[in-house]
Structure formats: structure tokens, C-alpha cells
Amino acid sequence: MKRIIVAIIVGLLCIQGMFAQTEKQISAIDKQWQKIKSNISSFTKEVKVENNTGYRFVYSKDKELQMITVSYKDQDVDKKVFWYFVNGKMIYSEQTWTNTSTGKIVDNEKFYFDNERLFAWIKDNKSIDTASNDFKKADNEFVSYVVKLKEDSPK
């Protein structure tokens, strides 16, 4: 019985340690993407698409990809997506969809990456379980999507 209790306590401490590490990673990434965003005016901006339905801009510094931003108006929803890169690797992505009639946010998702693999996903202020099928599917989809994003960025 003592072994079971000790095992439970050790397990809980390990889980707590993992959450603390994840929070530290998230905090570090938040600082990185905010720094990129605050320095956006110093980057080279390349207009990939710009028309009456939206735009796609690519920002780089010395030919190194820093940020890609997309805005698309879809009937009554304004969709904005941001991807942030450090040392050529995606670290963070955020999408915010807003109802243009009401101004209400209808979807907000934040994705955090370590070595371009998803390690944290926050949807409408709630963490998505990393063991869930949705999380695993999103991680796999991001792996291939990052390749496409980089192919369409400055070299």
C-alpha cells in the first residue's frame, strides 16, 4: 500500500514538473513572438497577396523568415492568422476569427512549437489535451504546412 501511495505522489510531482516546464516554454515563446511583432517595422515586408478579400504578408530580416500574416474576409467573418519564426523554425501561430457584424471573437487558437512540433494548443482560453486525437492530428498537419509556408517565403 505504501508503494502505491509513493507511486501516486511521485507521479503527481512529475506531472506538476511537466506543466511547469510547459509554462516556462510558453512564456519564453510569448516573449519571442512579441519581440518580433514589436520590431515588425524593421523587417522587409513582401506582399504575397493583397485584394478586396484580404492579404498575405511575409516579413523577413536578412532573408530569414520572421513572420507571416494573413487576413481574409469570409462573408461575415474576418479571419486573421499569424505565424512566427525564430532561426528559421516556426515557434508560434495564432488565429483569430471575428464576426464582423457583432465584433465578437468566434474562434481564437494559439499554437506553441518546439522544434516545429506542437507542444501546446490553447483554444478559446482552454488547453487542448496533448494526448487527444485532435492534438495529434493538428501536430501532423502543422508539420506539412510549415514546409509549404517556408517554400513561399523569401530565400
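In this predicted model, Asp 139 and Arg 117 are joined by a salt bridge whose closest N and O atoms lie 2.5 Å apart. The pairing connects distant parts of the chain: Asp 139 sits in helix H2 (residues 133–151), Arg 117 belongs to strand S7 (residues 117–123), and the two are 22 residues apart. The partners can also be described by their accessibility. Asp 139 is buried, at a relative accessible area of 11%, whereas Arg 117 counts as partly exposed at 39%. Asp 139 is called buried because its relative accessible area of 11% falls under the 20% cut-off.

This bridge between Asp 139 and Arg 117 belongs to a wider set, as a search of the whole structure turns up five salt bridges. Side chains of opposite charge can pair when their charged atoms come close. Another example is the contact of Lys 79 with Asp 74, where the closest N and O atoms are separated by 3.0 Å. Here the lysine is the buried partner: Lys 79 has a relative accessible area of 18%, while Asp 74, at 28%, is partly exposed.

A further salt bridge brings together the side chains of Asp 78 and Lys 80, with an N to O distance of 3.3 Å. In this pair the aspartate is buried, Asp 78 having a relative accessible area of 14%. Its partner Lys 80 is partly exposed, with a value of 27%.

Methods
Residues numbered from 1 in each chain as written. Predicted model: local features only at pLDDT ≥ 70, side-chain atom pairs only at ≥ 80, totals over all residues. Heavy atoms only, no water. Salt bridge = Lys/Arg side-chain N within 4 Å of Asp/Glu carboxyl O. Buried < 20%, exposed > 50% of the residue type's maximum accessible area, 1.4 Å probe, protein only. Helix = DSSP H or I, 4+ residues; strand = E, 2+ residues; numbered from the N terminus.
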